[in-house]
Amino acid sequence: MKFTKEHEWLRVEGDVVVVGITDHAAEALGDVVFVELPETEIMVSEGDEVVVIESVKAASDILAPVDGEIVAVNSKLADNPGLVNEDPTGAAWFFKMKLDDLSVLDQFMDEDEYKELIGD
Amino acid sequence: MTDLQRLPLHDLHVELGGRMVPFAGYEMPVQYPAGVMKEHLHTRAAAGLFDVSHMGQVILRPRRDMATLVVAFEAMMPVDVAGLAEGRQRYGLFTNDEGGVLDDLMFANRGDHLFVVVNAACKAQDIELMRKALSPVAEVLPVTDRCLLALQGPGAEAALEALVPGAAAMRFMDVGVFGELWISRSGYTGEDGYEISVPEAAAEGFARDLLAQPGVMPIGLGARDSLRLEAGLCLYGHDLDQTTSPVEAGLTWAIQKSRRTGGAREGGFPGAARILRELAEGPARRRVGLRPEGRAPMREGTALYHGETAVGTICSGGFGPSVEAPIAMAYLPAALAATGTALAGDVRGRRLPVTVADMPFHPTSYKR
């Protein structure tokens with residue numbers, strides 16, 4: 001599993017990358033009440049706002065970590081946004097991306113580096 | 001950047017796991033480990049303890065007699081001060097010459113003086129305003145050595161009665177002095193409850209005693225905001241400001257007959273021309289409740305449309321944990337203010353449906 005500075009986790013499944021947010025991020029967001037997911041089969045660029053998460057307190061974005069195609073979204077989150085707080089690194093993945101070249105993921109942190117970032 | 005002030009109970013909030021954020025010049029707990037949602041629901045189900053010591057507490061002590069003070073205080077707002085009995089509290093509004101709201105407040109008749117509680121962000125302005133208006137007739141004495149705690153929810157009565165016998169006998173908007181505690185039966189959640197002024201030196205012990213009562217949990221600013229929004233209550237600086245009149249804000253209940261046209265002491269407050277005219281003819285715009293369709297909250301600043309016409313902006317909005325849906329408030333042209341009016345709100349570039357709705361969004365349960 002890889003981690004971004006924006007507190008996303010990236011998990012490779014075959015030729016796609018599954019994207020979610022870390023426990024640390026979910027904790028900081030507070031109770032999630034709404035998740036707006038992107039459409040599938042669209043090309044996105046690194047830094048594009050692809051998901052909006054609304055907590056009781058505020059709205060925040062999830063950015064596309066790399067260039068690629070959104071191939072799947074987790075529609076469970078539309079009905080049960082609270083899943084983001086219950087199981088952020090498991091059931092509450094947000095979207096899957098297909099990349100041209102998975103080696104772009106090498107730039108991201110591994111778990112130890114991420115834990116250091118959040119001071120855990 | 002101005003330095004943030006710390007609350008006297010800062011260390012207790014940190015010990016309780018409070019996440020401290022800047023608010024109105026203070027470091028305030030926005031939430032505790034339970035989180036906003038649970039804190040909100042707990043307050044409606046049992047009891048929540050809020051530290052609102054950032055608010056301004058002020059004593060108005062008459063130089064000659066209460067009658068002179070009352071006359072001068074009435075000249076600051078469109079509210080019946082003279083008719084407020086000893087031991088009772090009332091909601092008030094300082095208005096400007098244009099009929100806008102300078103602040104909203106609570107004031108209590110405590111026999112030989114008035115006790116006033118104002119918003120934290122406005123307290124310097126309010127003290128200045130009161131000194132200007134009242135100095136000839138009263139001393140304006142900011143109370144700086146006391147905390148203000150709010151205990152809210154259906155469990156508040158039993159929890160406070162256990163520590164302060166007699167508190168249960170109070171009715172909504174009663175005030176009383178219990179030893180060193182100044183207590184009013186009021187709050188900002190729509191629930192029954194109390195607001196308690198306690199000397200700083202005794203505040204931590206008292207707060208811990210309250211938290212030790214069955215069902216009492218510490219509640220942060222996050223839930224305070226969602227609770228007041230569900231109750232349809234205004235937050236100054238968001239739902240009220242110097243351009244909104246009390247009539248536009250739907251606070252006509254706070255303007256008693258005696259101060260209206262034909263009343264015993266009609267007019268004679270700042271902005272009377274506009275406020276009395278709006279009372280007679282209706283205001284051009286009104287504060288309304290809104291229910292967005294679906295689950296996406298519409299936050300403060302969301303632009304509202306009727307057809308293609310921009311008609312207003314959301315002044316408070318979020319998710320209502322007890323309503324289990326997004327809720328909001330906005331000012332709309334009077335013609336569009338009727339319950340059921342269909343509008344659209346611009347959420348991140350998309351127009352989503354939203355309907356004008358009755359307030360409160362969650363029924364209030366004051367102990368009248």
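The following legends describe close-up views of a predicted model.

**Figure 1. The three-stranded sheet of chain A.**
In chain A, three strands make up an open sheet with antiparallel pairing, in the order E4-E6-E7. Strand E4 (32-36) and strand E7 (59-63) occupy the edges; each has a single partner strand, so one side of each lacks a neighbour in the sheet. On average, neighbouring strands of this sheet are turned by 25 degrees against each other, direction ignored. Strand E6 (residues 49-55) of chain A is joined to E7(A) by five bridges, and the two run antiparallel. Within this part of the sheet, Val51(A) stands opposite Ile62(A) in E7(A).

**Figure 2. The five-stranded sheet of chain B and its helices.**
This view shows an open sheet of five strands in chain B, arranged in the order E6-E7-E8-E5-E9 with antiparallel pairing. The edges are held by strand E6 (89-95) and strand E9 (138-142) of chain B; because each has a single partner strand, one side of each is left without a neighbour in the sheet. From one strand to the next, the twist averages 30 degrees. Strand E7 (residues 101-109) and strand E8 (residues 114-118) of chain B pair in the antiparallel sense through five bridges. Asn109(B) has Leu114(B), in E8(B), as its bridge partner. Two helices lie across strands of this region. Helix H3 (residues 66-74) of chain B crosses strand E5 (56-62), E8 and E9 of chain B, at about 130 degrees to E5(B). Helix H4 (residues 123-134) of chain B lies across E5, E6, E7, E8 and E9 of chain B, and runs at about 10 degrees to E5(B).

**Figure 3. Strand E18 of chain B and its partners.**
Strand E18 (residues 325-333) of chain B is mostly covered, with seven of its nine residues buried. Strand E15 (residues 285-292) of chain B pairs with E18(B) in the antiparallel sense over six bridges. In this pairing, Arg285(B) has Pro333(B) of E18(B) as its bridge partner. E17(B) is also joined to E18(B) by six bridges, and these strands run antiparallel. Here the bridge partner of Gly320(B) is Ala325(B) in E18(B). E17(B) and E18(B) form a hairpin with four residues between them, and Glu324(B) in the turn has a positive phi of about 60 degrees.

**Figure 4. Helix H2 of chain B and its surroundings.**
Seven of the ten residues of H2(B) are buried, so that the helix is mostly covered. Among these buried residues are Val36(B), Met37(B), His40(B) and Arg44(B). Their cover includes strand E3 (26-31), strand E4 (47-51), strand E10 (146-152), strand E14 (216-218) and H7 of chain B.

**Figure 5. The contact between the two domains of chain B.**
Chain B is divided into domain 1 (5-53 + 145-230) and domain 2 (284-360). The C-alpha centres of these domains of chain B lie 30 Å apart. Eight residues of domain 1 and nine residues of domain 2 of chain B take part in the contact. On the side of domain 1 that touches domain 2, helix H2 (36-45) and helix H7 (221-230) of chain B each supply at least two residues. H2(B) gives the most to this side, with four residues. By class, this side of domain 1 has three nonpolar, three polar and two charged residues.

**Figure 6. The contact between chain B and chain A.**
Here, 14 residues of chain B are in contact with ten residues of chain A. H2, H7 and strand E17 (309-320) of chain B each give two or more residues to the side that touches chain A. The residues on this side of chain B comprise six nonpolar, five polar and three charged.

Methods: Residues numbered from 1 in each chain as written. Chains lettered and ligands numbered in written order. Predicted model: local features only at pLDDT ≥ 70, side-chain atom pairs only at ≥ 80, totals over all residues. Pairing = 2+ DSSP bridges. Axes fitted to C-alpha atoms, helices over the stretch in contact; angles between N-to-C directions. Domains from an automatic or database assignment. Contact = placed C-beta atoms within 7 Å. Nonpolar A, V, L, I, M, F, W, Y, C, P; charged D, E, K, R; others polar. Buried ≥ 20, exposed ≤ 12 C-beta atoms within 10 Å, placed from the backbone.
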